[in-house]
Amino acid sequence: MSARGPPQLGGGWSPNAPYSIRCGQAGALYRTLNPADGHRPHPVPALDSVMQLSSPWRMALLFVVSGAASGLMLGRGSAAGGAKARSARLLLLLLLLLPLLLLLPLPLLLGIAVIVPPQPYLEVEEKLGYSRSYLDFLGRYFAADQSFCRGQDCLVLPTWNHLWFVVYLWGYTMLLLGVCRLWGTRWVGSPRWQALTRGARLLWLPALLFAVVRLRLLLPFPSTHNLVWDWFNHGLFVPMFVLGAALFGDASDRHGAWAAALRLRWWALGGAVPLLVGKPWALDALGGWDALPRSGQQAWLVLGGARHGLPVVAALGFARRHLRGRDGPWRVWAGRKGWKR
């Protein structure tokens, strides 16, 4: 355990990396200024292409390392104390999204105005031709204006947009801590978990899990980012969160998960790169989704499972190899803020 920050998992950087990816995506909004008119935003194809390479796996990685953080928390104190600590941090972000604006202090009002509204503003400007000012949009945003519609598809305001995962993380953490409060934490340390890290199982088991979820849930229950009705995303991320807590949430690596990721990192990377790079043109070359026979669509969904799982193993393995024990000033600061009890 590091004396300066949190326990060093794959490097203290690992828990911060997926948040950085996500914040970079949300902050950039894939946009820049258009030199032609000096102020109107427009998509940046090159940046969008780069971000698409991380699209299949970045959220899975986030939930794995968040689960690992919760697993470490279980070893450091009571479930009740852990629930209080995690709620204090995750719900702080949720408060930024609540529409009860009159009850919030000025700093939170500024946070709401800065973090979330720019994206729906750009969305209605681009998709609906909205031409009024950003300040005018803010008035309608905070008034919960539901009139921004294209056919039957209406934009719900206020919205949490890219911060949906904060709600999910809090919910999963509370469920995990509730289970541990009722039945203890011995299941996390069970030697049976080691069966998942033997040989090359860490390569294909997560990919298989993702493939099954995609086959069974993606088409009947597409992603909604609605906490109470989002079976596809829950099917993806709940197992990743639990595996993160059980396999990677121990500084001593009692189940050998970090060692397995380190050992398999090159195999995972070698399998992930062709799938990630080839995806944008492969489906077009095949004539599109609707042109595929049913067996082809199922095969495509199975390959998508590998695109979810292999990059996560590669990222964890390379983090273990190159970042373990290495700190930087901002990482130490972020670690202290995230782990302080």
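pLDDT is the predictor's confidence in each residue, from 0 to 100. Keep that scale in mind, for this is a predicted model.

**Stop 1: confidence.** Colour the chain by pLDDT. The mean is 77, and 70% of the residues reach 70 or more. Now select residues 26-39. Here pLDDT stays under 50. The model still gives this stretch 30 contacts beyond four places in sequence. Next, select residues 96-109. Their pLDDT is below 50 too, and the stretch has 18 contacts beyond near neighbours in sequence. Where pLDDT is low, the predicted coordinates should not be read in detail.

**Stop 2: H3 against H12.** Select helix H3, residues 58-74, and helix H12, residues 294-322. The two pack at an angle of about 50°, and their axes lie 9 Å apart. Because angles from 35 to 65 degrees are neither roughly parallel nor roughly perpendicular, H3 is oblique to H12. The crossing of H3 past H12 is right-handed.

Show the side chains now. Which residues of H3 meet H12? They are Ala 60, Leu 61, Val 64 and Val 65. On the H12 side, look for Val 312, Ala 315 and Leu 316. By class, this contact of H3 with H12 has seven nonpolar residues, with no polar and no charged ones.

**Stop 3: H11 against H12.** Keep H12 on screen. Add helix H11, residues 257-285. H11 and H12 pack at about 140°, with axes 6 Å apart. Only angles over 145 degrees count as roughly antiparallel, so H11 is oblique to H12. What is the hand of the crossing of H11 and H12? It is left-handed. Colour the contact of H11 with H12 by residue class. You should find 20 nonpolar, two polar and five charged residues.

**Stop 4: a salt bridge.** The structure holds four salt bridges. Zoom in on one of them, between Glu 123 and Lys 127. The closest N and O atoms of this pair are 3.5 Å apart. Now show helix H6, residues 118-128. Why are Glu 123 and Lys 127 about one helical turn apart? Because they sit four residues apart in H6.

Key: Residues numbered from 1 in each chain as written. Predicted model: local features only at pLDDT ≥ 70, side-chain atom pairs only at ≥ 80, totals over all residues. Heavy atoms only, no water. Axes fitted to C-alpha atoms, helices over the stretch in contact; angles between N-to-C directions. Parallel < 35°, antiparallel > 145°, perpendicular 65-115°, else oblique. Left-handed = near helix turned anticlockwise from the far one by under 90°. Contact = heavy atoms within 4.5 Å. Nonpolar A, V, L, I, M, F, W, Y, C, P; charged D, E, K, R; others polar. Salt bridge = Lys/Arg side-chain N within 4 Å of Asp/Glu carboxyl O.
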